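The following exercises train the reader to describe a protein model in words. Each task is followed by a solution in steps.

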Amino acid sequence: MIYSKEIEHMCTIAKGANHGPAPIPQEGNWVKSKDIYDISGLTHGVGWCAPQQGACKLTLNIKKGIIEEALIETIGCSGMTHSAAMASEILPGKTILEALNSDLVCDAINVAMRELFLQIAYGRSQTAFSEGGLPIGASLEDLGKNMRSQIGTIFGSRLKGARYLEMTEGYITKLALNDNNEIIGYEFLNLGKFTNSIKKGEDPKAALESSMGVYGQFENGTKFIDPRLD
């Protein structure tokens, strides 16, 4: 340790305020976090790349400072999906400090990791007041039973109006319009359900029919269009 001459010439004054860090809520307990292994919790965060052409939602389940589970969901950039695959291998088993300083290839994932680190270090996790936290695998609940990200893809133009392309329910196949050409409902294909049925050996046509659904006042439509072609 090197001290400047100014410090060496100073007299010593006793430190009165020495009560340690303020406790933060973690998995149903109040913890005075002094070491990286004092940190636990499940939390979510979103990151974005410098040109903001893509974004990443990151979910981590941390137990005693170690990342036990990571869910990476990306949108907007084809290269980011490959980065997500790498991050799913890189993150589990690392401490949150190691993960913060790991090259996760995609800047959006790096930013998401930074945001999660801030949340968890300040006791703002999703499980702050949940006794014992959540079991490993809990992040998969975000995906539902068909294990697909909940996404929405909607396009609109001033000239031609809106086009619903994909919603949480699935891939939009038809839009229902009323007499005023307003959208009043849609038909969708649940891709997760459809794929699972095919894998089980179900006839493709039957699997397709059983995986279709409608939302809103679809049956009351006076005109039906394909949002990608019409």
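**Exercise 1. A residue in a strand**

Task: Locate Glu73, decide whether Glu73 is buried or exposed, and describe its surroundings.

Solution. The model is a predicted one.
Step 1. Glu73 belongs to strand β5.
Step 2. The relative accessible area of Glu73 is 12%. The cut-off for buried is under 20%, and therefore Glu73 counts as buried.
Step 3. Beyond residues up to four places away in sequence, Glu73 touches Ala55, Cys56, Lys57, Leu143, Ser149 and Gln150.
Step 4. With one of these, Ser149, the side chain of Glu73 makes a polar contact of 2.6 Å.

**Exercise 2. The largest pocket**

Task: State how much space lies in the largest pocket, and describe its lining by residue, element and class.

Solution.
Step 1. The largest pocket holds about 210 Å³ of space.
Step 2. Its lining consists of Val46, Ala55, Cys56, Lys57, Glu73, Thr74, Ile75, Asp142, Ser149, Gln150 and Ile151.
Step 3. Two or more lining residues come from each of the elements β4 (55–63) and β5 (66–75).
Step 4. Sorted by class, the lining has five nonpolar, three polar and three charged residues.

**Exercise 3. Strand pairing and hairpins**

Task: Determine how β4 pairs with β3 and with β5, and find a residue with positive phi in each hairpin.

Solution.
Step 1. Strand β3 (residues 41–48) runs antiparallel to β4, and eight bridges join the two. One point of reference is Gly41, which stands opposite Ile62 in β4.
Step 2. The hairpin of β3 and β4 has six residues between the strands, and Gln52 takes a positive phi near 55° there.
Step 3. The pairing of β4 with β5 is also antiparallel, over nine bridges. Here Ala55 stands opposite Ile75 in β5.
Step 4. In the hairpin of β4 and β5, two residues lie between the strands, and Lys64 has a positive phi near 50°.

**Exercise 4. Residues in loops**

Task: Place Ser125 and Ala17 in the chain, and classify each as buried or exposed.

Solution.
Step 1. Ser125 is part of the loop between α4 (107–121) and β6 (153–157).
Step 2. Ser125 is buried, because its relative accessible area is 10% and the limit is under 20%.
Step 3. The side chain of Ser125 reaches the backbone nitrogen of Ala128 at 3.2 Å. Apart from neighbours within four places in sequence, Ser125 is in contact with Gly41, Leu42, Thr43, Gln119 and Ile120.
Step 4. Ala17 lies in the loop between α1 (5–8) and β1 (24–26). Its relative accessibility is 57%; exposed means over 50%, so Ala17 counts as exposed.
Step 5. Ala17 and Gly47 are 30 residues apart in sequence, and their C-alpha atoms are 37 Å apart in space.

**Exercise 5. Strand β9 and helix α5**

Task: Describe the accessibility and contacts of Ile183, then examine the two ends of helix α5.

Solution.
Step 1. Ile183 is in strand β9 (residues 183–189).
Step 2. Ile183 is partly exposed, because its relative accessible area of 28% lies between the limits of 20% and 50%.
Step 3. Outside its neighbours within four places in sequence, Ile183 is in contact with Ala162, Tyr164, Leu175, Ala176 and Leu177. Gln217 is 34 residues away from Ile183 in sequence and 9.1 Å away in space, C-alpha to C-alpha.
Step 4. At the start of helix α5 (residues 191–199), a side-chain oxygen of Asn190 comes within 3.2 Å of the backbone nitrogen of Gly192.
Step 5. Just after α5, Gly201 has a positive phi of about 95°.

Methods. Residues numbered from 1 in each chain as written. Predicted model: local features only at pLDDT ≥ 70, side-chain atom pairs only at ≥ 80, totals over all residues. Heavy atoms only, no water. 1 Å grid on protein atoms, 1.4 Å probe; cavity = no way out; pocket = protein on both sides within 12 Å on 5 of 7 lines; lining within 4 Å. Points joined across faces, edges and corners; volume = space filled by probe spheres on them. Helix = DSSP H or I, 4+ residues; strand = E, 2+ residues; numbered from the N terminus. Nonpolar A, V, L, I, M, F, W, Y, C, P; charged D, E, K, R; others polar. Buried < 20%, exposed > 50% of the residue type's maximum accessible area, 1.4 Å probe, protein only. Polar contact = N/O pair within 3.5 Å; in protein donor to acceptor, adjacent residues only side chain to side chain. Contact = heavy atoms within 4.5 Å. Pairing = 2+ DSSP bridges.
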